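Trainee: I would like to take a close look at one part of this structure. Could you guide me through the packing of its helices and then the surroundings of the ligand?

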Amino acid sequence: MLNDPRSHGLWEKTAPPPPPAPRLEEGVSADVVIVGGGYTGLSAALHLAEAGVDVRLLEAAEIGFGGAGRNVGLINAGMWVMPDDFPKELGPVYGEKLLDLLGNGPYLVRELIEKHGIACELEKNGTLHCAVGPDGMKELEERARQWQKRGAPVTLLDRAETERRIGTRAYAGSLLDMRAGTLQPLAYARGLAHAAARAGAKLHAGSAVIGAGEANGRKVVKTAEGEVSADWIIVATDAYSTGPWETVRREQVHLPYFNLATAPLGDNLRRSILPSREGCWDTREILSSFRMDQAGRLIFGSVGALRGTGTAIHKAWARRSLRRIFPQLGGVEFEAEWYGKIGMTDNALPRLHRFGRQVIGFSGYNGRGIAPGTSFGKLLARHILGHVAEADLPLPFTEPKEPGLRALKEAYYEAGAQIAHFAGERF
Ligand SMILES: Cc1cc2nc3c(=O)[nH]c(=O)nc-3n(C[C@H](O)[C@H](O)[C@H](O)COP(=O)(O)OP(=O)(O)OC[C@H]3O[C@@H](n4cnc5c(N)ncnc54)[C@H](O)[C@@H]3O)c2cc1C
């Protein structure tokens, strides 16, 4: 997007087009104005418009420009945080409520895809969290125990079953989560946008919000050429925030993450590598992820930015890693490459903010935004509609809080990933 082939890579090549979303060039009125055209904003727009609410959505660049168009496409249930740590961190009421919402998030994604006929390569065969060595296996055993006591459909697989499903002996075992799956992330975002537009939401791309205030008792947001006055503002700008809600960006530490996609693999390789197309990631601290798209391209990713010296270092490391994990692949070339920034919060949990009266938003999904963004967008809509009281929300409203040493941590993540990948982290 915006003439940068490394922004959305494969997803931009294979996603169906977005709906028309003309730049806002006038002053208009609405019930709700939504800022940001990712999963959170689009899901909120869809659910509000379906309820008959007059909605305008303003997106700075293009629909799916932020994390929604750049991610791996793993529809995860839950966060990195262990299930038992949710109530420890948030207290028993919020903790279990949030966990329940996140655990069921992938079902909402499937339901919307099916209901609105969204063509986004949905795969429902689960995800495999892959154990690196005995420590990785121990972590997964604990994760399985904590989810299973809550009735979640997760199963610990041994090395042999993991090998059968993935086509590698590299992992000591894996945790299969049948709630989860994969999709084409930009196609899903664009599909939500089509559904929202059909329901009556008015979408404007190329319309960055650059100012916000109040006039005549209403909220007003301004773009370069237009403005919207509304009763409510939903802030759905997350890691790519610019403009009046820069505080959302400043409370996150950005972790760069890249993806590389091979050309479609031949039939024999497709029978041996992920024949059921589960989405995978591993238990390493600098983790790797891999999955197939529907055309049989293997998509491999890890922490790092494809810029400067990072481009060559990460690509060389990815080739070496793929040869190690899947020797049957032989040498690989990549057909597409892209990267983005993941917004991390200090406790690795999302945030709910009230930026002013009737100005609200969720953010900080820590690399887990497909299902949470969809669920939180719907929840914001239901809160505005009066269907969910403040007391029933899964998080308390909090003020954005900037973590210490943010810039230093971001530089450390980018440089640290380069050093680790240059040194060639042995598998
Ligand atoms: C490389 C990468 C890999 C990831 N992998 C996964 C994964 O496999 N699974 C998963 O669940 N999640 C993953 N994530 C996280 C996920 O993509 C995000 O959590 C999700 O996109 C957040 O959705 P959102 O709608 O809140 O924000 P975004 O999708 O980031 O959308 C925010 C939008 O707001 C717009 N915006 C910002 N400021 C303004 C303004 N002033 N005016 C108007 N518009 C504005 C931006 O242009 C952007 O389009 C990954 C993220 C990255 C970057």
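Trainee: At what angle do α4 and helix α11 (residues 370-384) pack, and how far apart are their axes?

Mentor: In this predicted model, α4 and α11 pack at an angle of about 95 degrees, and their axes are 8 Å apart. Angles of 65 to 115 degrees count as roughly perpendicular, which makes α4 roughly perpendicular to α11. On the α4 side, the residues in contact are L98, L101, L102, G105, P106, L108, V109 and L112, and they meet I370, A371, P372, T374, S375, F376, K378 and L379 of α11. By class, this contact of α4 with α11 consists of 12 nonpolar, three polar and one charged residue.

Helix α4 (residues 92-116) also packs with helix α2 (residues 39-50), here at an angle of about 60 degrees and with the axes 13 Å apart. That angle makes α2 oblique to α4. The crossing of these two helices, α2 and α4, is left-handed. From α2, L46, H47 and E50 meet L112, K115 and H116 of α4. The residues of the α2 contact with α4 comprise two nonpolar, two polar and two charged ones. L112 of α4 thus appears in the contact with α11 and in the contact with α2.

I370, which belongs to the α11 contact with α4, leads on to the ligand. The ligand is surrounded by 37 residues, and the closest are Y39, T40, E59, L74 and I370. Backbone atoms also approach the ligand: a backbone N or O atom of A60 lies 2.9 Å from a ligand nitrogen atom, and a polar backbone atom of V209 is 2.9 Å from a nitrogen atom of the ligand. For G66, a polar backbone atom is 3.2 Å from an oxygen atom of the ligand.

Terms used:
Residues are numbered from 1 along each chain as its sequence is written. This is a predicted model: local features need pLDDT of at least 70, side-chain atom pairs count only at pLDDT 80 or more; totals for chains, interfaces and linings use all residues. Side-chain values use heavy atoms; hydrogens and water are left out. Axes are lines fitted to C-alpha atoms, for helices over the stretch in contact, and angles run from 0 to 180 degrees between N-to-C directions. Helices (H or I, at least four residues) and strands (E, at least two) are DSSP runs, numbered from the N terminus. Angles under 35 degrees count as roughly parallel, over 145 as roughly antiparallel, 65 to 115 as roughly perpendicular and the rest as oblique. A crossing is left-handed if the near helix is turned anticlockwise from the far one by less than a right angle, and right-handed if clockwise. Contact means heavy atoms within 4.5 Å. Ala, Val, Leu, Ile, Met, Phe, Trp, Tyr, Cys and Pro count as nonpolar, Asp, Glu, Lys and Arg as charged, and the others, Gly among them, as polar. A residue is near a molecule or strand if one of its heavy atoms lies within 4 Å of it. A polar contact is a pair of N or O atoms within 3.5 Å; within protein, one must be able to donate a hydrogen and the other to accept it, and residues adjacent in sequence count only if both atoms are side-chain atoms.
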